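Please take a moment with the sequence and the model below before reading on. The report that follows is meant for someone meeting this structure for the first time.

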Amino acid sequence: MDKALQSGRLHYMDHLRALAMLAGVLFHAALAYSPLMQPFFPTADRQSSPLVDVFVWLPHLLRMPLFFTVSGFFAAWIIAHRGPTGLLRQRIRRIALPFIVAWPLVFLAMSAATTWAANHVQHPSPLLRLIHDWQANPDAPSLPPTTAHLWFLYYLLLFGILHWIARTLDFAAPGRWLLRHSPGLLLLGLPLLLTLALASVSAPHPAPEGLLPQFWAILFYGAFFAFGALLYGQPEWLERAKKLLWPLLAACALCYPLFLWQLSMETPSIAAPTASWLVALLEGCLAVWLTVASLLLGRRLLDRPSPIMRYLAQSAYWTYLLHLPLLLLVQYHLMDLSMAWEWKFLLATSVTIAVCLLSYQLLVRHTPLRRFVG
Amino acid sequence: MTNNASIIRLLVAKDWQLFQKQLALYVLAGIVALCLLALAKPWAFYLGSLMLIVVVVAAACFSISASLMVERKEHTLAFVMSLPVSPWDFTIAKLLGNLVTFGVPFLVLCLGTLGTVLFTPLPDGLFVYALLIFGYVLFAYSVALSIAMTVESEGWNTFAMIGSMVLINPFIMGLAQIDAISSQIEQDAIVWSTPAVAILLTQVILSVAVLGFTVWHHARKPAFY
């Protein structure tokens, strides 16, 4: 890693970030066919399959923790190379401005698509039916706006402030101490800490889309951001953790079925809106172990230049910003078709990714927008 | 009147460097307060809003007392006089340094609070009420800062600082007595009543006027004392 750091490019970190963001597109597309998400997701289709629930929650527990780990790593990298002012400028240009511009557009596009669907889709999901009834009631209060899938930008900004606070008050000392010791210490300790956060929300953990910072999300995602930032200062930690790759994968293979089994017993409800301690612990273990295993696998398999991965890495940010309104629009149109769910999933993801990549090529790649979202 | 911009920048940066630990703590406390508000429970709302007011008032008092009163007590001015710096540069640097050290937590917390009111189930009518409270803190801070920059006496400075900030309580009570403002607090709409606009404008104009007068007063001084 040291050589890679000196050369200024960490291919596997770039590629992992791109894969984590692209996994988000697949994840959101798959939710429409998840039996567990039928009551909660606006594009929930008539056709669903338990298979989706078997496969979808694993990337859910991995992709954003991995993304925040990589983000923390790069935040520390920018501070080391360009100083705190450089980080501030980069955060304003790459996060604050895109968030301020994209958020109202995304929110309006998603609201318009959902309003259209509530009035036109013949086979609406339970949530669409609820929205339809809500709209029919003139006395119903308006729902507060959310950050939608752009919550990650909001939290990156928040973690930028918390990162400054942690550096100023030297809160990183315990973390540095932890990383100096055996990797097992962190791999066993961090899930316990995350259990506290995950037990305060439903399982699988929701997206913190509200406009106010939430304790659980700060603790959960902030821990991964901090881990990434600390990892930059102690890159040898990954070298020491290398030998744990297979045990970690084996532990995940044991924990995940247990998590699914527990999840099937504890469907979230108004009476029990939070996860049990066991489910929260399993979520914490899976999130930490999968993230570390991905870093180790990425370091082993993805740490080399690849034109395709480079292109995906460069287009991932734009793709992620754009994908959800597009995906909703496509899936709303698919809801009335009597196609097999597999085909609907394939069609929705292909169209969404194709439009995102095409628009990236035409609107971003060779224009000044590249500096902001490219 | 010309400014020595690089020296002013250095003096402001010096204030920022010296006080950023405490400011970081204030911002952290502010984020905790906003998280408490996000819990959407009555006890968390009261604790969070009380914590916000305490943090803003503490940040205002800290900024003035650390950068002006303590420096004066420790005779830092004698050292500053040895630098290639004019009284005007020093005044502008102190004013800017204070506005930055107070302004950062103030803006974060003010915007956070207003966002909380607008984008949560809390009634939007609280928006004007919250803005008037923040407006009062800004005005009280401007008065205390101006007095600290102008008057040497530590006693008067402490009196002005604590007095102006403590008056936030009667101010909040007073707002509650104005029917045009208090009747809107629980409504789910932002209503700019005439008294609310008048109070807000008065706060902003007086804050700018007090700071402007202080700068004008110092601009006429040929020497540091």
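The text below turns to the contact between the two chains, and then to local features of chain A.

This is a predicted model, in which local features need pLDDT of at least 70 and side-chain atom pairs count only at pLDDT 80 or more, while totals for chains, interfaces and linings use all residues. Residues are numbered from 1 along each chain as its sequence is written, chains are lettered from A and ligands numbered from 1 in the order in which they are written, and side-chain values use heavy atoms, with hydrogens and water left out.

**Where the chains meet**

Contact, meaning heavy atoms within 4.5 Å, involves 17 residues of chain A and 20 residues of chain B. Together the two chains bury about 1600 Å², with 87% of it on carbon and sulfur atoms; buried area is the accessible area (1.4 Å probe) that two parts lose on being put together, summed over both. On the side of chain B, 34% of the area buried against chain A comes from B:Ile31, B:Cys35 and B:Phe119, more than from any other three residues.

Helices here are DSSP runs (H or I, at least four residues), numbered from the N terminus. In chain B, α1 (5-38) and α4 (87-119) each supply at least two residues of the side that touches chain A, and α1(B) gives the most, with 15 residues. Between chain B and chain A there are 0 salt bridges, a salt bridge being a side-chain nitrogen of Lys or Arg within 4 Å of a carboxyl oxygen of Asp or Glu.

**Features within chain A**

Although the interface has 0 salt bridges, the whole structure holds 7 over all chains. One joins A:Lys344 to A:Asp45, with the closest N and O atoms 2.9 Å apart; A:Lys344 is in helix α13 (residues 341-364), whereas A:Asp45 is in the loop between α2 (11-31) and α3 (50-120), 299 residues apart.

Most residues other than glycine have a negative phi, and most peptide bonds are trans. Two places in loops of chain A are listed here.

| Place | Backbone value | Loop of chain A |
|---|---|---|
| A:Ala148 | positive phi of about 55 degrees | between α4 (126-136) and α5 (151-168) |
| A:Ala203 to A:Pro204 | cis peptide bond, omega near -10 degrees | A:Pro204 between α7 (183-198) and α8 (215-233) |
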